[in-house]
Amino acid sequence: MDSQIKETAKIIRESKFTIAFTGAGISVESGVPPFRGEHGLWNKYNPEILDLGYYHENPEKCWLFIREIFYDFFANAHPNKAHKVLAHMEQSGLLHSVVTQNIDNLHQEAGSKNVYEFHGNSKRLKCLKCGKVFDASEIDFEHIPPRCDEDGEILKPDFIFFGEGIPTAAFENAFADAEKCDVCIIVGSTGEVTPASFVPRAAKQNGATIIEINPEKTLFTGQVTDIHLVGKATVILEKLENQLF
């Protein structure tokens, strides 16, 4: 593993353009539960609460679960060492951008500036009628559903529901960076969710070296990955940080 870490650090240092692609696995160590897998939220909740059509018909019912999942469970999550190492790499010019499937805002809280949120952000809420955006810290979640102070419309969390398109800017920026990067570092993504999982594949098709940091094999491992650093995101990225700086 130590030789792999050293080799990886050398590849990153020599890269002219490196991106990171992150999934639920990077935030699990911050106490954010994943949606899929053995301990995933979809084993406990019905995914239809995040179906756009169902939400429009049953916003009050959906908000009971939305509050519990995103504003009770996630509320006390803080960036972990893995988030902080990626932010350190960006600040030092070793990482250009982070493309994330996560909606928890932890990359930004760790200090990352160039973050493309493929699935939006739970810390923002939006009025679908007038377009006004609210920070979650402004909302009293004791009284749900939250409503717009302009027109009284029920607010929707500003992340992607089933049946909703990927934000255009995040989609375009993510693939633009994937197509010109020399290195793509996958952290905590299993590759199951599309179209997000096409980002590392686009990087690979354009000749990038793919470094995967995951405790187990994923859909990326056999097909896309060049170097698989096996372990928890916090542990591996801390070792990498020690070699890089």
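Two residues are in contact here when they have heavy atoms within 4.5 Å of each other. Keep that in mind as we walk through this chain, which is a predicted model.

Let's start with isoleucine 66. Leaving aside residues up to four places away in sequence, Ile66 touches Ile49, Leu50, Tyr55, Tyr71, Pro157 and Phe161. Ile66 also belongs to a bigger story: the largest nonpolar core has 30 residues, and Ile66 is among those with the most contacts inside it, along with Leu50, Trp63, Phe70, Tyr71 and Leu125. At least two residues of this core come from each of α3 (52-57), α4 (59-73), β4 (120-127) and β6 (155-159). The top contributor is α4, which gives six residues. Apart from this core there's another one, made of 24 residues, including Ala82, Val85, Ile213 and Ala233. As a general point, nonpolar side chains in soluble globular proteins tend to be buried together.

Now step back to the whole chain. Its secondary structure adds up to nine helices and nine strands. The radius of gyration is 18 Å, close to the 18 Å that the globule rule gives for 245 residues, so the chain is as compact as a globular protein of that length. Along the principal axes, the C-alpha trace spans about 55 × 30 × 30 Å. Buried residues make up 51% of the 245 residues. And if you take the contacts with a separation of 6 or more, 66% of them are between residues 24 or more positions apart.

What about empty space? The largest pocket holds about 1,300 Å³. It's lined by 48 residues, and the closest to its centre are Ala24, Gly25, Pro34, Phe35 and Arg36. Both α2 (25-28) and β8 (209-214) supply at least two residues of that lining. There's also one cavity of 30 Å³ or more, and the space in the largest cavity is about 30 Å³. Around that cavity sit Val32, Phe74, Ala77, Asp104, Leu106, Ser122 and Lys123. Here's how the two linings break down by class:

| Space | Nonpolar | Polar | Charged |
|---|---|---|---|
| Largest pocket | 22 residues | 17 residues | nine residues |
| Largest cavity | four residues | one residue | two residues |

A few spots in the backbone are worth a look. The peptide bond from isoleucine 144 to proline 145 is cis, with omega near 0 degrees, and Pro145 is in the loop between β5 (133-135) and β6. Another cis peptide bond joins threonine 194 and proline 195, with omega about 5 degrees. You'll find Pro195 in the loop between β7 (183-187) and α8 (198-205).

Then there's asparagine 105, a residue other than glycine with a positive phi, near 70 degrees. Asn105 is in the loop between β2 (97-100) and α6 (106-110). Is Asn105 buried or exposed? Its relative accessible area is 18%, and the cut-off for buried is under 20%, so Asn105 counts as buried.

Finally, have a look at threonine 225, in the loop between β8 and β9 (227-230). Thr225 counts as buried too, because its relative accessibility is 14%. Not counting residues up to four places away in sequence, Thr225 touches Ile210, Glu212 and Phe220. How far is Thr225 from Ile66, where we began? The two are 159 residues apart in sequence and 35 Å apart in space, C-alpha to C-alpha.

Notes:
Residues are numbered from 1 along each chain as its sequence is written. This is a predicted model: local features need pLDDT of at least 70, side-chain atom pairs count only at pLDDT 80 or more; totals for chains, interfaces and linings use all residues. Side-chain values use heavy atoms; hydrogens and water are left out. On a 1 Å grid over the protein atoms alone, a cavity is a set of points where a 1.4 Å probe fits but cannot get out, and a pocket is an open set with protein on both sides within 12 Å along at least five of seven lines; lining residues have an atom within 4 Å of a point. Grid points are joined across faces, edges and corners, and a volume is the space filled by probe spheres set on the points. Helices (H or I, at least four residues) and strands (E, at least two) are DSSP runs, numbered from the N terminus. Ala, Val, Leu, Ile, Met, Phe, Trp, Tyr, Cys and Pro count as nonpolar, Asp, Glu, Lys and Arg as charged, and the others, Gly among them, as polar. A nonpolar core is a set of buried Ala, Val, Leu, Ile, Met, Phe, Trp, Tyr and Cys residues joined through side-chain atoms within 4.5 Å. Buried means under 20% relative accessible area, exposed over 50%, partly exposed in between (1.4 Å probe, protein chains only). The radius of gyration is taken over C-alpha atoms; the globule rule is 2.2 Å times the number of residues to the power 0.38.
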